[in-house]
Amino acid sequence: MNYFEVFGLPKVLNFDLKALERTFHELSRKYHPDYFTTAPAEERQKALQMTATLNDAYRTLRHPVRRVEYLLEVEGFKPDGSKVPKSFLMEVFEINEQLEEVKAGTASKEQIAALRREIEERAENFGSQLQAAAAEWDALSADGSGASDEKRKQQLSRLTDILSESSYIRNLQQELEETS
């Protein structure tokens with residue numbers, strides 16, 4: 001059973017997060033191990049397993065990037081940094097050089113602020129791309145959409161590419177936060 005099925009959701013990327021939370025709490029109460037203390041060992045074990053699965057599923061599905069990563073995993077796709085365009089890698093390399101200046105203490109406050117803005121703008125851009133691609137996936141996955149398997153695979157591939165590139169930017173964000 002995949003995480004979407006745990007919550008009775010179709011494999012889509014946009015859904016009501018409040019409904020997800022409500023369902024999580026309902027299922028957590030239903031399978032809470034305290035209710036199974038006098039049950040046979042097999043039932044207690046199933047309750048523990050379900051509680052662990054619920055927690056993992058909820059943590060994954062409530063976070064937009066993890067949700068996409070999980071969908072890709074379920075569908076047999078994996079982000080691949082080796083397919084990132086060289087031009088993008090060169091841009092990341094330049095940002096890394098600027099980050100090294102920050103780490104070395106040779107960057108001015110203005111340079112640090114400009115670097116932070118550039119990384120944040122890139123992160124927002126990838127966020128927008130991911131939202132748009134997720135909406136397209138949902139439209140292709142809707143009942144009655146008539147989308148071919150090939151179109152769905154192309155969209156999953158697109159989501160994979162966006163995640164692959166955005167992971168570089170997320171790493172830069174994290175490094176800058178740790179540095180400054």
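The exercises below work through the fold, two helix pairs and the largest pocket of a predicted model.

Local features need pLDDT of at least 70 and side-chain atom pairs count only at pLDDT 80 or more, while totals for chains, interfaces and linings use all residues. Residues are numbered from 1 along each chain as its sequence is written, and side-chain values use heavy atoms, with hydrogens and water left out.

**Exercise 1.** State the secondary structure and the overall dimensions of the chain.

Solution. Helices (H or I, at least four residues) and strands (E, at least two) are DSSP runs, numbered from the N terminus. The chain has seven helices and zero strands, in the order α-α-α-α-α-α-α. Its C-alpha trace spans about 65 × 45 × 30 Å along the principal axes. The radius of gyration, taken over C-alpha atoms, is set against a globule rule of 2.2 Å times the number of residues to the power 0.38. The chain has 21 Å, whereas a compact globule of 180 residues would have a value near 16 Å.

**Exercise 2.** Classify the packing of α3 against α4 and of α5 against α7.

Solution. Axes are lines fitted to C-alpha atoms, for helices over the stretch in contact, and angles run from 0 to 180 degrees between N-to-C directions. Angles under 35 degrees count as roughly parallel, over 145 as roughly antiparallel, 65 to 115 as roughly perpendicular and the rest as oblique.

- α3 (residues 41–61) and α4 (residues 64–74) have axes 6 Å apart at an angle of about 115 degrees, and are therefore roughly perpendicular to each other. In contact (heavy atoms within 4.5 Å) are Arg59, Thr60 and Leu61 of α3 with Arg66, Arg67 and Tyr70 of α4.
- The axes of α5 (residues 86–104) and α7 come within 11 Å and cross at roughly 5 degrees, which makes α5 roughly parallel to α7. Among the residues that meet are Phe88, Leu89 and Val92 in α5, and Tyr168, Ile169 and Leu172 in α7. This contact has ten nonpolar, two polar and three charged residues; Ala, Val, Leu, Ile, Met, Phe, Trp, Tyr, Cys and Pro count as nonpolar, Asp, Glu, Lys and Arg as charged, and the others, Gly among them, as polar.

**Exercise 3.** Describe the lining of the largest pocket.

Solution. On a 1 Å grid over the protein atoms alone, a pocket is an open set of points where a 1.4 Å probe fits, with protein on both sides within 12 Å along at least five of seven lines; lining residues have an atom within 4 Å of a point. The largest pocket holds about 180 Å³, the space filled by probe spheres set on the points. Its lining includes His63, Val65, Phe126 and Arg170. Helices α6 (109–141) and α7 (149–179) each give two or more residues. By class, the lining has five nonpolar, four polar and one charged residues.
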